Amino acid sequence: MAMANLARRKAYFLTRNLSNSPTDALKLSFSLSRGFASSGSDENDVVIIGGGPGGYVAAIKAAQLGLKTTCIEKRGALGGTCLNVGCIPSKALLHSSHMYHEAKHVFAKHGVKVSSVEVDLPAMLAQKDNAVKNLTRGIEGLFKKNKVTYVKGYGKFLSPNEVSVETIDGGNTVVKGKHIIVATGSDVKSLPGITIDEKKIVSSTGALSLSEIPKKLIVIGAGYIGLEMGSVWGRLGSEVTVVEFAGDIVPSMDGEIRKQFQRSLEKQKMKFMLKTKVVSVDSSSDGVKLTVEPAEGGDQTILEADVVLVSAGRTPFTSGLDLEKIGVETDKAGRILVNERFVSNVPGVYAIGDVIPGPMLAHKAEEDGVACVEFIAGKHGHVDYDKVPGVVYTHPEVASVGKTEEQLKKDGVTYRVGKFPFMANSRAKAIDNAEGLVKILADKETDKILGVHIMAPNAGELIHEAVLAINYDASSEDIARVCHAHPTMSEALKEAAMATYDKPIHI
């Protein structure tokens, strides 16, 4: 398995002259091998600040490894941004809005006649809120099951082994730990001159709870979050315009896939203004007025909307932790710099997830959390950020893992390309949902798979066969020679693999 990311972390680690010897690991393992039996001290083996995907997973894993563990979470509800105001509620609304859109525009084609279809927005939002509530309670149940101590409040460092917590009930307590993990996640990135009021000018959080469907919605930013939330309200009847400073939507996406994806969204009546700069936003009237101009300068234009969604990315949430008080080093973006064992420059202080360099994704944070506590327990942990999948949960979905064609060209890697359209896939045709393709990039000499990109319904599920293949350095021929059930959407991946090293059968 490639260890490129581990090597990068190790290089940073060595520049900080931090110990990384096997002897130290053994000492660490010995010192932390005790279970939950009390030693007469109230000190924890592990304290995690933050109960999001990285934090709560780290806490559960630490407890499973026999470490006395406390997790501190300021919301009073576990799951972090992802579960409370991110991944989970947005996917709930994406699914609900897709069901409405299908009933209104597609059911009749399949012989299902509905006399009247209406949106009950309060009911839709309630279903979303109920899903969030049940899942947060589920994590609390897992904490109890694994004997993780849960402290509800805002934590900040007193020392490398002490955290002061202002509890949500108005009290204060000090939590001690031999090893403290910062897992405080990220926050919405603001734009100069734009004040988010979560009413007319909203972040992704406010966009999840609009009291009515806006007639006109402007989305600032053509990344994952902006396109997903734009899709939700577009399906429900909003006229959606996306304003993006860059020349492309989702710049990290493979270029060929990105172009097809944009065409698909445009067919869904989503409008794009690329290479466009937002100059000012005026929300003093009933609606909102945006003044925009070409990114390279030029004549200004005024856009009007009922609601503006600011979706310009996210920024690490590290303020208020008093990191500077204990000397923890951060970069210009506020991210905590760590070595390959997730240790900061201050021994005993670790960081994972969105507060360190790497993809700002919930599943990446979870892997960080597991690997971090494995290191603390004297075991081996590893996360390769080059093999973390990404998914845009629109319809169709777009999912990818590994390198894009543009990256391979930049790196001077010789490669082969294999593609297969879902128009030629029997299952996709049978369900009349055949928009999209599978694209595989493989090393020209060895046939090792370097990247896989899928645009299709349920692409986020289909991608994991490719993730597994890349993690085990499989070739395109390896996938092509695996028997895939028929008829399934996954057969398109098999055919694309056949097209990469030889020829496909069904096109």
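## Two residues with positive phi

Lys147 sits in the loop between helix H6 (121–146) and strand E3 (149–159). Helices (H or I, at least four residues) and strands (E, at least two) are DSSP runs, numbered from the N terminus. Lys147 is not a glycine, yet has a positive phi of about 60°. Its relative accessible area is 58%, which makes Lys147 exposed. Here buried means under 20% relative accessible area, exposed means over 50%, and partly exposed lies in between (1.4 Å probe, protein chains only).

The model is predicted: local features need pLDDT of at least 70, side-chain atom pairs count only at pLDDT 80 or more, and totals for chains, interfaces and linings use all residues. Residues are numbered from 1 along each chain as its sequence is written, and side-chain values use heavy atoms, with hydrogens and water left out.

Val250 is another non-glycine residue with a positive phi, of about 35°. Val250 lies in the loop between strand E9 (239–243) and helix H9 (255–267). Val250 counts as buried, at 2% relative accessibility.

## The parallel sheet

E9 belongs to an open sheet of five strands. The order is E7-E14-E8-E9-E10, and the pairing is parallel. Strand E7 (201–202) and strand E10 (271–273) stand at the edges. Each has a single partner strand, so one side of each is left without a neighbour in the sheet.

Strand E8 (residues 216–220) and E9 run parallel and are joined by five bridges. Two strands pair if DSSP finds at least two bridges between them. Val219 has Val242 in E9 as its bridge partner.

## The second largest pocket

E9 also helps to line the second largest pocket. This pocket has a volume of about 1400 Å³. Of its 43 lining residues, the closest to the centre are His98, His101, Glu102, Gln268 and His395. The elements that give two or more residues to the lining are helix H5 (87–105), helix H8 (224–235), E9, H9 and helix H14 (459–471). H5 gives the most, with nine residues. By class, the lining has 13 nonpolar, 17 polar and 13 charged residues. Ala, Val, Leu, Ile, Met, Phe, Trp, Tyr, Cys and Pro count as nonpolar, Asp, Glu, Lys and Arg as charged, and the others, Gly among them, as polar.

The search used a 1 Å grid over the protein atoms alone. A pocket is an open set of points with protein on both sides within 12 Å along at least five of seven lines, while a cavity is a set where a 1.4 Å probe fits but cannot get out. Lining residues have an atom within 4 Å of a point. Grid points are joined across faces, edges and corners, and a volume is the space filled by probe spheres set on the points.

## Cavities

The whole structure holds two cavities of 30 Å³ or more. The largest has a volume of about 50 Å³. Val188, Ser204, Ile225, Val310, Ser311, Ala312, Gly313 and Arg314 line the largest cavity. That lining comprises four nonpolar, three polar and one charged residues.

## Helix H11

Helix H11 (residues 362–376) has 15 residues. It reaches 21 Å from its first C-alpha to its last, close to the 21 Å expected at 1.5 Å a residue. The expected span is 1.5 Å times one less than the number of residues. Buried residues in H11 include Ala365, Cys372, Val373, Phe375 and Ile376. Lys364, Asp368 and Glu374 in H11 are buried too. Just after H11, Gly378 takes a positive phi of about 85°.

## The annotated domain

An unreviewed UniProt entry annotates residues 388–497 as "domain: Pyridine nucleotide-disulphide oxidoreductase dimerisation". UniProt positions follow the numbering used here, feature names are shortened, and annotations may be inferred rather than shown by experiment. The span is 34% helix and 28% strand, and its end C-alpha atoms lie 20 Å apart.

Strand E21 (residues 449–456) is mostly covered, with eight of its eight residues buried. E21 pairs in the antiparallel sense with strand E18 (residues 397–402) over six bridges. Val398 has Met455 in E21 as its bridge partner. Strand E20 (residues 437–443) also pairs with E21 in the antiparallel sense, over six bridges. There, Leu441 is matched with Gly451 of E21 as bridge partner. The hairpin of E20 and E21 has five residues between the strands, and Asp447 in this hairpin takes a positive phi near 70°.

## Cis peptide bonds

The peptide bond from His395 to Pro396 is cis, with omega near 0°. Pro396 lies in the loop between strand E17 (390–392) and E18. The bond from His486 to Pro487 is also cis, with omega near 0°. Pro487 is in the loop between helix H15 (476–480) and helix H16 (491–501).
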